[in-house]
Amino acid sequence: MVGWTLRIILILLVARALWRLTKGVLEGAGFSRDSVPSGVKLVRDPVCGVFVAPARALSAAADGQTQYFCSEKCRAAWRGR
Ligand SMILES: [Zn+2]
């Protein structure tokens, strides 16, 4: 019976070590804070709610702010309001 106890303790220690390792890797990759990778700032399309990268999005300025859109259709819809 002593053998079983040692085996269970060993399994628990290994499982804990693996969990900490996995958690550390995920946190290091920036998964814990946000699903968005750091360095790439995404903005929300106010019409359809899709997140777009400003560098690749269509934009329109209003009230000193710049809005970004996923498509010309969304930009036209936003301007038409
Ligand atoms: Zn859109």
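**View 1. Glu-72 and its place in helix α2.** In this predicted model, Glu-72 belongs to helix α2, which covers residues 72-79. Is Glu-72 buried or exposed? Glu-72 counts as exposed, because just 9 other C-beta atoms lie within 10 Å and the cut-off for exposed is 12 or fewer. Look across to Ser-59 as well: Glu-72 and Ser-59 sit 13 residues apart along the chain, and their C-alpha atoms are separated by 9.3 Å.

**View 2. The β3-β4 hairpin.** Strand β3 (residues 58-62) pairs with strand β4 (residues 65-69) in the antiparallel sense, over 5 bridges. One spot to pick out is Ala-61, which stands opposite Thr-66 in β4. The two strands, β3 and β4, make a hairpin with 2 residues between them. Check the backbone in that turn: Asp-63 has a positive phi of about 55 degrees.

**View 3. Helix α1, end to end.** Helix α1 takes in residues 2-28. How far apart are its end C-alpha atoms? They are 39 Å apart, which agrees with the span of 39 Å that 27 residues should give at 1.5 Å a residue. As for its surroundings, the number of buried residues in α1 is 0, so the helix lies largely in the open.

**View 4. Zooming back out to the chain.** The chain has 2 helices and 4 strands, and from the N terminus on the order goes α-β-β-β-β-α. Of the 81 residues in the chain, 7% are buried. Now for the contacts: taking those between residues at least 6 apart in sequence, 19% join residues at least 24 apart.

Terms used
Residues are numbered from 1 along each chain as its sequence is written. This is a predicted model: local features need pLDDT of at least 70, side-chain atom pairs count only at pLDDT 80 or more; totals for chains, interfaces and linings use all residues. The expected span of a helix is 1.5 Å times one less than its number of residues. A residue is buried if 20 or more other C-beta atoms lie within 10 Å of its own, exposed if 12 or fewer, and partly exposed in between; C-beta atoms are placed from the backbone. Two strands pair if DSSP finds at least two bridges between them. Two residues are in contact if their C-beta atoms, placed from the backbone, lie within 7 Å.
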